[in-house]
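The following report reads a single chain from its local contacts outward to its sheet and helices. Please keep the sequence and the model in view while reading.

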Amino acid sequence: MESGAKEEEKVMGYNSKNVKKAALHSTLTALLDDPILADIPKKPSLSDVDALINLELGSAMCISILKLDGTSFDVAVMNSATVKDLKLAIKKKVVELEQSKMGHRHISWRYVWANFCLAHHNEKLLDDGAALQGFGVRNNSLVHFFTLYCLKRFWETF
């Protein structure tokens, strides 16, 4: 008799767990469809939510990234972020955008960073360990990709 009650309890617990999970999922879906929360990714990670909370609190900054084709996207990084942190945020955002458009696509980031760099007000962000604020990067700043080919040709002339 006791084992039957335990089995019934497991089934009821399982069902109630599934019901709670379904309710949470539907609530999350409804929240993510709200236009006010449009900047949250469809499948947010804890770091995505944390970055957006810090952005609202003022301890993070939103940076617009201008690509060579003229399109742009925004990334959020902490105020104390380095160039490497910005590169990681760009990589994450580009991978997310590519997967939403075309499915999985491999991008060689080693190639990207060997041939292109980031620049802010025509100052190249070449030192991965340097703080972004040292280059004057603030909230709502524009950082753009810069081809290193021109830079390499410049150095070859000397």
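His144 touches Leu66, Cys117, Leu118, Ala119 and Asn122, leaving aside residues up to four places away in sequence, where contact means heavy atoms within 4.5 Å. The model is a predicted one, in which local features need pLDDT of at least 70 and side-chain atom pairs count only at pLDDT 80 or more, while totals for chains, interfaces and linings use all residues. Residues are numbered from 1 along each chain as its sequence is written, and side-chain values use heavy atoms, with hydrogens and water left out.

His144 belongs to strand β5; helices (H or I, at least four residues) and strands (E, at least two) are DSSP runs, numbered from the N terminus. With a relative accessible area of 18%, His144 is buried, a term that stands for under 20% relative accessible area, with exposed meaning over 50% and partly exposed in between (1.4 Å probe, protein chains only).

Ser141 is placed in the same-named strand, β5, which spans residues 141-147, and is buried at a relative accessible area of 9%. Setting aside residues up to four places away in sequence, Ser141 touches Cys62, Ile63, Ser64, His120 and Gly136. A polar atom of the Ser141 side chain lies 2.8 Å from the backbone nitrogen of Arg138.

**The sheet**

The chain holds five helices and five strands, and along the sequence these follow the pattern α-α-β-β-α-α-β-β-β-α. The five strands form an open sheet in the order β2-β1-β5-β3-β4, with mixed pairing; two strands pair if DSSP finds at least two bridges between them. The edge strands are β2 (72-78) and β4 (123-125), each of which pairs on one side only. Neighbouring strands of this sheet are turned by 40° against each other on average, with direction ignored; the axes behind such angles are lines fitted to C-alpha atoms, for helices over the stretch in contact, and angles run from 0 to 180 degrees between N-to-C directions. Strands of a sheet pair through backbone hydrogen bonds, either parallel or antiparallel.

Three of the pairings are set out here, each with one residue pair.

| Strands | Sense and bridges | A residue pair |
|---|---|---|
| β1 and β2 | antiparallel, seven bridges | Ile65 opposite Phe73 |
| β1 and β5 | parallel, four bridges | Ile65 opposite Val143 |
| β3 and β5 | antiparallel, four bridges | Leu118 and Phe145 |

Ile65 thus appears in two rows, standing opposite Phe73 in β2 and opposite Val143 in β5.

**Helices against the sheet**

Helix α2 (residues 46-57) lies across β1 and β2, and runs at about 110° to β1. Helix α3 (residues 83-102) lies across β1, β2, β3 (116-120), β4 and β5, running at about 135° to β2.

Lys92 is located in helix α3 and, at 38% relative accessibility, counts as partly exposed. Lys92 touches Ser45, Ser47 and Asp48, again not counting residues up to four places away in sequence. Between Lys92 and Val75 the C-alpha to C-alpha distance is 9.2 Å, although the two are 17 residues apart in sequence.

**Aromatic rings**

A search of the whole structure finds two aromatic pairs. In one of these, the ring centres of Trp113 and Phe145 are 5.8 Å apart and the planes stand at 15°, so the pair is stacked. This pair links distant parts of the chain, since Trp113 sits in helix α4 (residues 109-115) and Phe145 in strand β5, 32 residues apart. The criteria are that rings of Phe, Tyr and Trp (its six-membered ring) pair if their centres lie within 6.5 Å, and that planes under 30 degrees apart count as stacked, over 60 as edge-to-face and the rest as tilted. Both Trp113 and Phe145 are buried, and together with Trp109 they form one aromatic cluster.

Two lysines lie over ring faces: Lys87 over Trp113, at 4.8 Å from the ring centre, and Lys124 over Phe146, at 4.6 Å from the ring centre. A charge sits over a ring if NZ of Lys or CZ of Arg is within 6 Å of the ring centre and within 35 degrees of the ring normal.

**The chain as a whole**

Of the 158 residues in the chain, 26% are buried. Among contacts with a separation of 6 or more, residues 24 or more positions apart account for 51%.

How values were computed:
A polar contact is a pair of N or O atoms within 3.5 Å; within protein, one must be able to donate a hydrogen and the other to accept it, and residues adjacent in sequence count only if both atoms are side-chain atoms.
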